[in-house]
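User: Could you take a close look at one part of this model for me, the charged pairing on one of the helices, and then work outwards from there? I'd like one connected answer rather than a list.

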Amino acid sequence: MIPDEFTRPCVLDCRPDNPRPAVPAWRVCGACVNRLAWMLHDIPELFALLDDVIEPGAAGLDGGRRAPGFASRAPAREDAIALRDRRTVAVEEDDPHSVLDLLASWADNVRDDLGEPPARPPITVAGEARVLSRNLGHIAAQDWVVDFADEISTAHRHLRRVTGDHDRILDLGACPGSRIDEHNGNTRLCGARLRARLDEEETSCRRCGATWPRQAWYRLATTSNPERLTAFGIDHEQTA
């Protein structure tokens with residue numbers, strides 16, 4: 001007879017008509033864990049885009065319940081503000097909730113379960129998402145994984161709706177490559193504005209043609225806006 005732990009269905013109802021079996025010692029199937037891992041990777045990137053869509057008319061959709069304190073129409077995107085503001089609390093189903101507060105609350109639960117020390121400031125969306133990603137095996141084995149998956153999915157859905165198809169483009173600052181001055185033939189610093197798409201592994205300068213791998217982006221951005229790269233989950237730990 002096959003033990004129950006090898007036959008019990010995934011608790012997330014990913015396929016109601018033909019449920020996948022949960023991974024042994026977990027409450028969920030491998031496909032659902034992979035989906036949670038993808039959302040935890042995507043959420044910090046989407047959250048970092050809120051700065052770019054804060055003005056009315058940018059990508060995404062308006063509408064829905066607003067965060068407490070935003071009763072009148074503000075000159076900025078209220079849906080984006082609601083997701084950024086730690087005062088935002090969901091009251092009814094599908095209400096927005098502070099993304100940072102949500103992730104921090106679940107990360108605190110995990111740290112308490114594992115006997116780890118509290119988070120040290122600054123508390124960030126990218127940092128708390130990494131804690132949850134790193135401990136997905138533990139989360140997948142808990143009875144509360146259903147509530148966790150529901151809240152993470154809702155936060156991800158809100159962020160996708162607000163940011164829409166907004167391009168994930170990073171400003172890496174001035175290109176440090178070299179080029180030949182067309183007037184005197186001397187070699188000089190390129191200095192062109194260098195930008196990279198977040199879904200690419202390298203970017204090339206349009207002026208001098210120098211190619212910069214993803215591992216170099218944080219170093220390049222130290223003269224422009226490294227905090228923005230950190231918000232997207234790119235930091236000094238990824239540099240070569």
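Analyst: Let's start with Asp108 and Arg111, whose side chains form a salt bridge with an N to O distance of 2.8 Å. This is a predicted model, so read every number here as computed from predicted coordinates. The two residues sit three apart in helix α3, which covers residues 99-114, so about one helical turn separates them. Their surroundings are not alike: Asp108 is partly exposed at 35% relative accessibility, whereas Arg111 counts as buried at 6%. The pair doesn't stand alone either, since Glu128 joins Asp108 and Arg111 in a network of salt bridges.

Staying on the charge theme, how many salt bridges are there by the rule used here? The count is four. One of them is between Asp143 and Arg27, at 2.4 Å from N to O. Asp143 lies in the loop between α5 (136-140) and α6 (145-163), while Arg27 belongs to the segment before α1 (30-48), so this pair ties together parts that are 116 residues apart in sequence. Asp143 is exposed, at 63% relative accessible area, and Arg27 is partly exposed at 22%.

Another salt bridge brings Arg160 and Asp42 together, here with 3.7 Å between N and O. This one also links distant parts of the chain: Arg160 is in helix α6 and Asp42 in helix α1, 118 residues apart. Asp42 is buried, with a relative accessible area of 5%, and its partner Arg160 is partly exposed at 39%.

Now for the nonpolar side of things. The largest nonpolar core has 37 residues, and the members that touch the most others are Leu50, Val99, Leu103, Leu132, Phe148 and Ile152. Helices α1, α2 (78-84), α3, α4 (125-134), α5 and α6 each give two or more residues to this core. The largest share, eight residues, comes from α1.

Leu103 is a handy place to see how this core is put together. Leaving aside residues up to four places away in sequence, Leu103 touches Leu40, Ile43, Val125, Glu128, Ala129, Leu132 and Ile152. Glu128 therefore turns up twice in this story: it is in contact with Leu103, and it is part of the salt-bridge network with Asp108 and Arg111. Beyond this, there is a second, separate core of 13 residues, with Cys175, Leu194, Cys205 and Leu220 among them.

That brings up the cysteines. By the distance rule, the number of disulfides is zero. Cys14 is in no disulfide, and the nearest cysteine sulfur, belonging to Cys32, is 3.6 Å away. Cys14 is partly exposed at 29% relative accessibility. What about Cys175, and why does it not form a bond with the closest cysteine sulfur? The closest cysteine sulfur is in Cys208, and at 3.7 Å it is too far from the sulfur of Cys175 for a bond; the cut-off for a disulfide is 2.5 Å between the sulfur atoms. Cys175 is buried, at 1% relative accessibility.

Last, a few backbone details you may want to look at yourself. Pro121 and Pro122 are joined by a cis peptide bond, with omega at about 0°. Pro122 is found in the loop between α3 and α4. Then there are two residues with positive phi that are not glycines: Asp13, at about 55°, and Ala25, at about 80°. Asp13 is in the segment before α1, and Ala25 is found in that segment as well. Asp13 counts as exposed at 58% relative accessibility, and Ala25 is likewise exposed, with a relative accessible area of 52%.

To circle back to where we began: Asp108, Arg111 and Glu128 make up a salt-bridge network, with Arg111 buried and Asp108 partly exposed.

Notes
Residues numbered from 1 in each chain as written. Predicted model: local features only at pLDDT ≥ 70, side-chain atom pairs only at ≥ 80, totals over all residues. Heavy atoms only, no water. Helix = DSSP H or I, 4+ residues; strand = E, 2+ residues; numbered from the N terminus. Buried < 20%, exposed > 50% of the residue type's maximum accessible area, 1.4 Å probe, protein only. Core = buried A, V, L, I, M, F, W, Y, C linked by side-chain atoms within 4.5 Å. Contact = heavy atoms within 4.5 Å.
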